[in-house]
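Here are a few short exercises to work through with the model open beside you. Try each task before reading its solution.

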Amino acid sequence: MASGPPTRNILRIVLDNFLKSFKPRQMKGNLVGEDYFGNKYYEIPPDPSVGRRKASRWFEPTAKEAYDQEITAEWEAWLRGRRTEPPTQEELLKNLAIMKMKERNAAELEVKYSKTKDTQALEQQKTGMGSFPQYDEYEVMPGKGKHEK
């Protein structure tokens, strides 16, 4: 008896997929974490048996109607699938401390250099055409003399 390659029974595959479609699916996500803004992050893990190869990830903001909300870079990377594990609370707090330190340093530098910029700005506060260089070989206004206005 010669056994050839196994054949696929198309009717059997269609029937299996039809029966799998009645299996209850996970519709509500598992709470994965929360950031210091109060946003909550959820995930439905991948399940190849029902055709879901990638995890479904989303977040619920604190203010549902605010469209200018912030999320941290660590959580955004997790949402977009650039990192597999969600960020830890220690990692978030460490990066928040670094962010606050940078804001403080920037404010100190602004105060330090704003005093010298104010005096330079008063000296260079020319407006209009006088603020641009004027050369003898070029006309100021087209069709008029060299320095006629």
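## Exercise 1: a leucine at the surface

Task: Classify L15 as buried, partly exposed or exposed from its relative accessible area.

Solution: This is a predicted model, and the relative accessible area of L15 comes to 42%. Buried means under 20% and exposed means over 50%, with partly exposed in between. L15 is therefore partly exposed, because its value is 42%. Next, place the residue: L15 belongs to helix α1, which covers residues 10-20. Finally, look at its company: L15, F18, L19 and F22 make a nonpolar surface patch of about 440 Å².

## Exercise 2: the sheet

Task: Work out the strand order of the open sheet, and find which strands are at its edges.

Solution: Start with the order, which is β1-β2-β3 for the three strands, with antiparallel pairing. The edge strands, each pairing on one side only, are β1 (30-34) and β3 (56-60). On average, neighbouring strands of this sheet are turned by 25 degrees against each other, direction ignored. Now zoom in on one pair: β2 (residues 40-44) and β3 run antiparallel and are joined by five bridges. As an example of partners, I44 is bridged to S56 in β3.

## Exercise 3: a glutamate in a strand

Task: Decide whether E43 counts as buried or exposed, and name the residue whose side chain shares a polar contact with the side chain of E43.

Solution: First locate E43, which sits in strand β2. Its relative accessibility is 19%. The limit for buried is under 20%, so E43 counts as buried. For the contact, the side chain of E43 meets that of R57 in a polar contact of 3.1 Å.

Terms used: Residues numbered from 1 in each chain as written. Predicted model: local features only at pLDDT ≥ 70, side-chain atom pairs only at ≥ 80, totals over all residues. Heavy atoms only, no water. Patch = residues over 30% accessible without salt bridge, like charges linked within 9 Å, V, L, I, M, F, W, Y side chains within 5 Å. Areas by Shrake-Rupley, 256 points an atom, 1.4 Å probe, with all protein chains shown as cover. Salt bridge = Lys/Arg side-chain N within 4 Å of Asp/Glu carboxyl O. Helix = DSSP H or I, 4+ residues; strand = E, 2+ residues; numbered from the N terminus. Buried < 20%, exposed > 50% of the residue type's maximum accessible area, 1.4 Å probe, protein only. Pairing = 2+ DSSP bridges. Axes fitted to C-alpha atoms, helices over the stretch in contact; angles between N-to-C directions. Polar contact = N/O pair within 3.5 Å; in protein donor to acceptor, adjacent residues only side chain to side chain.
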